[in-house]
Each structure stands twice: as C-alpha cells, then as structure tokens.
Amino acid sequence: MSCSQCFENPPTLSPTYGAGTVEEFGGLQTYATGSPHSKLAILLISDIYGYEAPNVRKLADKIAAAGFLVVVPDFFYGDLVIDYNDPNFDVKLWGKVHNPDKGYEDAKAVIAALKSKGVSTIGAAGFCWGGMVLVKLASSTDLHAAVVLHPGSITEDEVDDVKIHIAILGAEIDQWSPSEKLKQFGEKLSAKSEFDSFVKIFPGVAHGWTVRYNVDDESAVKSAEESHLDMLNWFTKYVK
C-alpha cells in the first residue's frame, strides 16, 4: 500500500503541537482547530504519519485562520508508522489493518459528527494515503469540495465516480501517482460539467512534498506553501 517515497523525510511526531486541541469526533481522537461555532469545516486526512505530524497541524491552523473549523482525525487509532527501517515493522500487515476502505468508513462517521454539531458545508483534503480515502468520499455529495495531494494509488473507476468539485495537486517525481497519470485523470474530470476540477503538477518536487518538506529548505517550503495556497483558494471558493 506504499512506495519507498512514502517513508522519505519522516516527521518527528508531537502530540502537543499546534494551536488547537485534541477531542473526539466520530469515535476518533481528533486534532481540532478554529472556531467550534463555524458552519464551515475542513477535514484533513493525513498520510501514514498521522495526526501528530507538526506540518499537518501547522497547515490545519493556517486553514482555520481563514474562518474554518478544521479537524484532523487519528485514522490509525494510535498505531502510527514510526520507523520504516525497524525490522520488526511489517508494513504490509499495517497496510491491511489500516486500509483506505476502513479510512473511508471512519471518515463518514467524522463527517456525520460535524453535521450533528451544526456544520453546514464541509470540504476535505487528503495526502498520500488520505488521498485514496478522499477520492472514495468524493463519490457522494456528503462533501462540497475536495483537494487530493500526491495521492496513493487511485483508479480510473474512482475518478469516474467523483461527484464534487475536486482539485488534484501532484508532484513531478512520484512513483505512485506519476504526473502523466494525473493529467489523464484531469482530462476525464474536465469532461464533466456538473462540477469544477483542477489538476496541477508541481515541478521539481517529489511525492509527499506538501507535508513532509524540510523546513530548512527554502525551495521546498516555497513549493509546499504554494500548494497550501492553492488548497485554501479552492476551499474558499467552494466551501461557503
């Protein structure tokens, strides 16, 4: 369920990072940030490093500053990928336990919890593993907009089933979702008039660049921030 690029530049996890708080949504421990009274919410579905990754929480806080309630659930129930080089770590077993279909079901429970709190409009972003979950969610109208970033393995059938405004932000260097494949998905999506779509390939970056960038690398930070701005603009346009 993963490629070698998924394990490059892993984050140092921090359960206390960020301006938000950890609370329960849909049965999952969740990092929540922004106004709890907002009628507009954004669900962030992380990559395999989960909801304690500082760059993910930093991004959540940035989106929340634009007026959204942002939630980042722990879809892995505390069973996080810590060290891929650990000989005792079975990545295939981990992937079977934490598969995108299970993530899809858990995400639906989080969306229902948001609606029960009075949220009227919901968008979502998915990174790598989270992108695979999100493209499944995009087959219904429970969400109003989606942003898929350097997704894992998604299929033509899943793209054909999309029913909501969707943006796909891809990397030029990506083993799992090559840029040519994403461009083909873009052509399929643009042929549909029921919703808006957007595909953008970022030059010179690799899979994971939006959340697993080196904070000391000025170029990497610039590319990541450009993707974050594209995401925020998409949400501002369609989650209202």
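This passage walks through the sheet, a covered helix, some loop residues and one pocket of a predicted model.

The sheet makes a convenient starting point. Eight strands build an open sheet with mixed pairing, and their order across it is β1-β2-β4-β3-β5-β6-β7-β8. The two ends of this order are held by β1 (21-25) and β8 (197-206), each of which has a single partner strand, so one side of each is left without a neighbour in the sheet. From one strand to the next, the twist averages 25 degrees.

Strand β3 deserves a closer look. In the order of the sheet, β3 sits between β4 and β5. With β4 (residues 69-73), strand β3 (residues 40-45) runs parallel, and three bridges join the two. On this side, A41 stands opposite L69 of β4, while I42 has V70 of β4 as its bridge partner. Towards β5, the pairing is again parallel, here with six bridges. One of the residues involved is I45, whose bridge partner in β5 is G126. Strand β3 is also mostly covered, with five of its six residues buried. As a general point for reading such a strand, side chains alternate between the two faces of the sheet when the strand is regular.

Helices add to this picture. At the β8 end of the strand order, helix α6 (residues 179-190) packs on the sheet, where it touches β7 (165-173) and β8. The direction of α6 makes about 170 degrees with that of β8. Helix α4 (residues 129-137) is mostly covered, eight of its nine residues being buried. The buried residues of α4 are W129, G130, G131, M132, V133, L134, V135 and L137. Their cover comes from several elements, including the strands β3, β5 (121-127) and β6 (145-149) and the helices α3 (100-116) and α5 (156-160). Strand β3 thus appears twice in this account: it is mostly covered itself, and it is among the elements that cover α4.

The loops hold a few residues worth pausing over. Y77 lies in the loop between β4 and α2 (91-97), and its phi is near 55 degrees, a positive value in a residue other than glycine. H150, in the loop between β6 and α5, likewise has a positive phi, of about 30 degrees, although it is not a glycine. The surroundings of the two can be set side by side: Y77 is partly exposed, with a relative accessible area of 47%, whereas H150 is buried, at 0%. A further loop residue, G67, is placed between α1 (54-64) and β4. G67 is partly exposed, because its relative accessible area of 41% falls in the range between the 20% limit for buried and the 50% limit for exposed. G67 and G34 are 33 residues apart along the chain, and their C-alpha atoms are separated by 7.0 Å.

Finally, there is a pocket to describe. The second largest pocket holds about 160 Å³ of space. Ten residues line it, and those nearest its centre are P10, P11, T12, N55 and Y213. Sorted by class, the lining of this pocket consists of six nonpolar, three polar and one charged residues.

Note on methods: Residues are numbered from 1 along each chain as its sequence is written. This is a predicted model: local features need pLDDT of at least 70, side-chain atom pairs count only at pLDDT 80 or more; totals for chains, interfaces and linings use all residues. Side-chain values use heavy atoms; hydrogens and water are left out. Two strands pair if DSSP finds at least two bridges between them. Helices (H or I, at least four residues) and strands (E, at least two) are DSSP runs, numbered from the N terminus. Axes are lines fitted to C-alpha atoms, for helices over the stretch in contact, and angles run from 0 to 180 degrees between N-to-C directions. Contact means heavy atoms within 4.5 Å. On a 1 Å grid over the protein atoms alone, a cavity is a set of points where a 1.4 Å probe fits but cannot get out, and a pocket is an open set with protein on both sides within 12 Å along at least five of seven lines; lining residues have an atom within 4 Å of a point. Grid points are joined across faces, edges and corners, and a volume is the space filled by probe spheres set on the points. Ala, Val, Leu, Ile, Met, Phe, Trp, Tyr, Cys and Pro count as nonpolar, Asp, Glu, Lys and Arg as charged, and the others, Gly among them, as polar. Buried means under 20% relative accessible area, exposed over 50%, partly exposed in between (1.4 Å probe, protein chains only).
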